[in-house]
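Work through these exercises with the model in view. Try each task before you read its solution.

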Amino acid sequence: MTDSTPPTYARLTIDTDALVTNWRLCGQQRPDAECAAVVKADGYGLGLDNVVPALGQAGCRTFFVAHIGEGEYVRRLGRTAMIYVLCGLVPGRGDDYARHDLRPVLGSLEEIREWSSFCATTGWQGGAALHVDTGMSRLGLRVEQAQALVAEGDLFKPTLLMSHLACADVHHHPLNARQFQAFAGVRRLYPEVPASLCNSYGVFHPAEIGYDLLRPGVALYGSNPALDKPNPMKPVVTLEAQVLQVRTVMPGEHVGYGATWTTRTPARIAVVGIGYADGYLRSGSFSEDFDSAIAYVGGHYCLIAGRISMDMTAIDVTALPEGGVKRGDWVELIGVHLPVDEVARRAGTISYEILTSLGARYERRIIGEGTS
């Protein structure tokens, strides 16, 4: 029988055991708090179908998404989970939150009044979070607005009080202390409401800011939440691409668009079937000015040659032994030898963008005991 799966030139392996290990490690940092999971952007690019069941089986009871559509999808995967929608209440769509038992994270008085009116009219008691802006100036009530809200009594009773840290990845940034202090002040106004402040970096911050609920995101997927220390998280993603051709480039010849890479001596180039259409970012292309992307080929680290294009990337494999790489071989672009944070640094970005840019053309392989 012939395999009906279309052939592919790149594959993405997702280790759900590593994902669960990372979630548990986050929870161990502040054992008095419940550990939730942020699964927005399709589980940071890894697929809600893969991420949510594995975490749910491990004991995760609370999930955070960005949009209501993501929340509806998570609800189908986790029937008893508590699901918060970070972007808040879509105007006039309260019924959708109630239908799928989703909890909007409310960050403005306008949202709060609309939600309160909806609940009073329909009798819905599903709950919602109150988001207070303690210094990020994105979403959330100002501290003084949250204080005034208390005086309105029964207008709104949140099921969660939360804020978001802007600089927790830099432990000594002065904004951290201001945010800690501001949130502690608001928490005193809502002593009976569970509180949440820690994102991935907050979970590993030395300050006593655990509160009741942790909200790790990128750390679950293998990125380092303790940037001044070795990464304690397990790698979750392995990205590999297949060699399409190995060719010799003569002195003075160029590789790739723009002729940005020129060899002075004979060189061997391995062309692999992956490019920026797959989320392998063009910004990782060869440059004289900064560290370009690298690949792990046959036990060696090799630089990208020239520009990463839409579907193909060239790798300089001159240093490998003759015959050390051939058509059909697989090379590692993210994985044990190339952590996602290092790949991001060389592309001039952050691990969040690398993970959430991972494309749809990969053969996706899911490994781990949590695999369905």
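**Exercise 1. Find which residues of H1 and H3 meet, and sort the contact by class.**

Solution. Start on the H1 side: Thr16, Leu19, Val20, Trp23 and Arg24 make the contact. On the H3 side, they meet Asn50, Val51, Ala54, Leu55 and Ala58. Now sort by class. The contact of H1 with H3 has 7 nonpolar, 2 polar and 1 charged residues. Keep in mind that this is a predicted model.

**Exercise 2. Describe how H1 and H3 are set against each other.**

Solution. First locate the helices: H1 covers residues 16–29, and H3 covers residues 48–58. Next take the axes. They come within 10 Å and cross at roughly 55°. An angle between 35 and 65 degrees counts as oblique. H1 and H3 are therefore oblique to each other. Last, the hand: this crossing is right-handed.

**Exercise 3. Do the same for H3 and H4.**

Solution. H4 spans residues 68–77. The axes of H3 and H4 lie 10 Å apart, and the packing angle is about 50°. So H3 and H4 are oblique to each other. Their crossing is right-handed. From H3, the contact uses Leu48, Asp49, Val52 and Pro53. From H4, it uses Glu70, Tyr73, Val74 and Leu77. By class, the contact of H3 with H4 has 6 nonpolar, no polar and 2 charged residues.

**Exercise 4. Place Gly273, decide whether it is buried or exposed, and list its contacts.**

Solution. Look between strand E15 (267–272) and strand E16 (294–297): Gly273 sits in that loop. Its relative accessible area is 9%. The cut-off for buried is under 20%. Gly273 is therefore buried. Now look for contacts, leaving aside neighbours within four places in sequence. Gly273 is in contact with Tyr9, Ala10, Gln242, Leu244 and Asp311. Take Asp311 from that list. Gly273 and Asp311 are 38 residues apart along the chain, yet their C-alpha atoms are separated by 5.9 Å.

**Exercise 5. Is Ser116 buried or exposed, and what does it touch?**

Solution. Ser116 belongs to helix H6 (residues 109–122). Its relative accessibility is 13%, so Ser116 counts as buried. Not counting residues up to four places away in sequence, Ser116 touches Leu155 and Phe156.

**Exercise 6. Examine phi at Ala41 and at Asp101.**

Solution. Begin with Ala41. Its phi is near 55°, a positive value in a residue other than glycine. Ala41 is part of helix H2 (residues 40–44). With a relative accessible area of 34%, Ala41 is partly exposed. Turn to Asp101. Its phi is near 55°, again positive in a residue other than glycine. Asp101 lies in the loop between helix H5 (94–99) and strand E6 (103–106). At 32% relative accessibility, Asp101 counts as partly exposed.

**Exercise 7. Sum up the whole protein in numbers.**

Solution. Count the elements: there are 11 helices and 20 strands. Take the extent: the C-alpha trace spans about 80 × 55 × 35 Å along its principal axes. Check burial: of the 372 residues, 52% count as buried. Then the surface: the accessible area is about 17600 Å², and 51% of it belongs to carbon and sulfur atoms. Finish with contacts between residues at least 6 apart in sequence. Of these, 66% join residues at least 24 apart.

Definitions and conventions:
Residues numbered from 1 in each chain as written. Predicted model: local features only at pLDDT ≥ 70, side-chain atom pairs only at ≥ 80, totals over all residues. Heavy atoms only, no water. Axes fitted to C-alpha atoms, helices over the stretch in contact; angles between N-to-C directions. Helix = DSSP H or I, 4+ residues; strand = E, 2+ residues; numbered from the N terminus. Parallel < 35°, antiparallel > 145°, perpendicular 65-115°, else oblique. Left-handed = near helix turned anticlockwise from the far one by under 90°. Contact = heavy atoms within 4.5 Å. Nonpolar A, V, L, I, M, F, W, Y, C, P; charged D, E, K, R; others polar. Buried < 20%, exposed > 50% of the residue type's maximum accessible area, 1.4 Å probe, protein only. Areas by Shrake-Rupley, 256 points an atom, 1.4 Å probe, with all protein chains shown as cover.
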